[in-house]
Amino acid sequence: MKYKYKTVNTCSSAIYFDMDGDVVHNIAFEGGCNGNLKAISKLLDGQKVEYIENTLRGNTCGFRPTSCADQLAIAVRQAYDGNLSPIKK
């Protein structure tokens with residue numbers, strides 16, 4: 001299933017990703033630090049929700065209490081738990 005998560009307190013405005021069970025694929029950020037976010041997306045493609053959450057949750061950016069990486073961890077957890085609705089085609 002494909003998801004869109006609206007980020008909060010980050011330079012990126014949304015995160016798109018696919019989930020098959022607890023495995024995350026096709027991560028793409030809208031806005032933000034293009035090179036860094038492409039690298040994060042490549043490194044995490046095929047990883048499980050638990051790994052992404054354990055690795056990135058709580059990561060901050062500058063003075064902000066969150067980051068694009070932290071928002072990704074939140075997004076995949078919400079999708080996995082059923083608290084984020086998939087994108088309707």
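This report covers the sheet, the helix packed on it and the nonpolar core.

The model is predicted: local features need pLDDT of at least 70, side-chain atom pairs count only at pLDDT 80 or more, and totals for chains, interfaces and linings use all residues. Residues are numbered from 1 along each chain as its sequence is written, and side-chain values use heavy atoms, without hydrogens or water.

**Sheet.** Three strands (DSSP E runs of at least two residues, numbered from the N terminus) form an open antiparallel sheet, in the order β1-β2-β3. Strands count as paired if DSSP finds at least two bridges between them. β1 and β3 stand at the edges with a single partner strand each, so one side of each has no neighbour in the sheet. α3 packs on the sheet and touches β1, β2 and β3. Its direction makes about 40° with that of β2; axes are lines fitted to C-alpha atoms, for helices over the stretch in contact, and angles run from 0 to 180 degrees between N-to-C directions.

β1 and β2 are joined by five bridges. Two of them are listed here.

| β1 residue | Bridge partner in β2 |
|---|---|
| Tyr5 | Ile15 |
| Lys6 | Ala14 |

Five residues lie between these strands in the hairpin, where Asn9 takes a positive phi near 60°. Tyr3 and Tyr5 are on the covered face of β1, with Lys2, Lys4 and Lys6 on the uncovered one.

**Core.** The largest nonpolar core has 22 residues. Its members are buried (under 20% relative accessible area, 1.4 Å probe, protein chains only) Ala, Val, Leu, Ile, Met, Phe, Trp, Tyr and Cys residues joined through side-chain atoms within 4.5 Å. Phe17, Val24, Ile27 and Leu72 touch the most other members. α3 supplies the largest share, eight residues.

Key:
Buried < 20%, exposed > 50% of the residue type's maximum accessible area, 1.4 Å probe, protein only. Helix = DSSP H or I, 4+ residues; strand = E, 2+ residues; numbered from the N terminus. Contact = heavy atoms within 4.5 Å.
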